[in-house]
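Here's a quick tour of the model you're about to load. Keep the viewer open while you read, and click along as residues come up.

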Amino acid sequence: MNPYFYLFTTFTIFFEIIAQSLFKFIHNHNHNHNHNHNQIIKFYPHLKIYYFYIAIFCYTLSGYFAYKMLKYDQLIVVNIIWHIIHFIILFIIGFYFFNEKLSNKKLVAALFGLISISLFLLDGHSH
């Protein structure tokens, strides 16, 4: 695949993860969870609206880079690669930063996601 595909995929995932993490950050504060990673919102609750707007802006950038990715491969391949990488990274962020619980089924699902990405990337067949 073209190096730009990987660059645009990275940007798409990066901005989408920032957006979703900010939304989770805001929701954790709204539900009064006492996690150490919410210290900024606890001390500056008036910044929540700015986190929301930054998240919306990041989703906009993510959409733009997703649009750019489509130039380099098939729609189904682009979306599956992007979403599986995105889900695996959010899986890790949810576990380490938001103390979300993992089950054996979730771990197996993540493993299948990695296998899926590998098969798509090893196929080498583009449109």
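## Five helices, residue by residue

The protein has five helices and zero strands, where helices (H or I, at least four residues) and strands (E, at least two) are DSSP runs numbered from the N terminus. Along the sequence, that reads as α-α-α-α-α.

Some bookkeeping first. This is a predicted model, in which local features need pLDDT of at least 70 and side-chain atom pairs count only at pLDDT 80 or more, while totals for chains, interfaces and linings use all residues. Residues are numbered from 1 along each chain as its sequence is written, and side-chain values use heavy atoms, with hydrogens and water left out.

**The overall numbers**

Of the 127 residues in the protein, 31% are buried. Here buried means under 20% relative accessible area, exposed means over 50%, and partly exposed is in between (1.4 Å probe, protein chains only). The accessible surface comes to about 8,400 Å², and 69% of that belongs to carbon and sulfur atoms; the areas come from the Shrake-Rupley method with a 1.4 Å probe, and for residues only the protein chains shown count as cover. As for contacts (heavy atoms within 4.5 Å), take those in the protein with a separation of 6 or more: residues 24 or more positions apart account for 75% of them.

**Helix α4 and its partner α5**

Helix α4 has 23 residues and reaches 32 Å from its first C-alpha to its last, close to the 33 Å expected at 1.5 Å a residue. That expected span is 1.5 Å times one less than the number of residues in the helix. The buried residues of α4 are Val77, Val78, Ile81, Trp82, Ile84, His86, Ile88, Leu90, Ile93 and Gly94. After α4 comes asparagine 99, whose phi is positive, near 55°.

Now bring in α5. Helix α4 (residues 75-97) and helix α5 (residues 104-123) pack at an angle of about 145°, with their axes 10 Å apart. The axes are lines fitted to C-alpha atoms, for helices over the stretch in contact, and angles run from 0 to 180 degrees between N-to-C directions. The crossing of α4 and α5 is left-handed, a label used if the near helix is turned anticlockwise from the far one by less than a right angle (clockwise would make it right-handed).

On the α4 side, the contact is made by Val77, Ile80, Ile81, Ile84, Ile85, Ile88 and Phe91. From α5 come Lys106, Leu107, Ala110, Gly113, Leu114, Ser116, Ile117, Phe120 and Leu121. Sorted by class, the contact of α4 with α5 has 13 nonpolar, two polar and one charged residues. For that sorting, Ala, Val, Leu, Ile, Met, Phe, Trp, Tyr, Cys and Pro count as nonpolar, Asp, Glu, Lys and Arg as charged, and the others, Gly among them, as polar. A handy reminder when scanning such lists: an α-helix has 3.6 residues a turn, so residues three or four places apart point the same way.

**Who touches whom**

Threonine 9 is found in helix α1 (residues 3-30), and the place of threonine 12 is in α1 too. Leaving aside neighbours within four places in sequence, threonine 9 is in contact with Met69 and Trp82. With residues up to four places away again not counted, threonine 12 touches Ser62, Phe65, Ala66, Met69 and Trp82. Threonine 12 and methionine 69 are 57 residues apart in sequence, yet their C-alpha atoms are 8.7 Å apart in space.

Back in α4, we find histidine 86. Beyond its neighbours within four places in sequence, histidine 86 is in contact with Ile13, Glu16, Ile17 and Gln20. Phenylalanine 95 also lies in α4, and its contacts, with the same neighbours left out, are Glu100 and Leu102.

Here's how some of these residues, plus two more, score on burial.

| Residue | Relative accessible area | Class |
|---|---|---|
| Threonine 9 | 5% | buried |
| Threonine 12 | 0% | buried |
| Histidine 86 | 1% | buried |
| Leucine 47 | 25% | partly exposed |
| Phenylalanine 95 | 35% | partly exposed |
| Alanine 109 | 47% | partly exposed |

Where are the two newcomers? Leucine 47 is found in the loop between α2 (39-43) and α3 (48-69); it sits 21 residues from isoleucine 26 in sequence and 9.7 Å from it in space, C-alpha to C-alpha. Alanine 109 is in helix α5, and its C-alpha is separated by 9.5 Å from that of isoleucine 88, 21 residues away along the chain.
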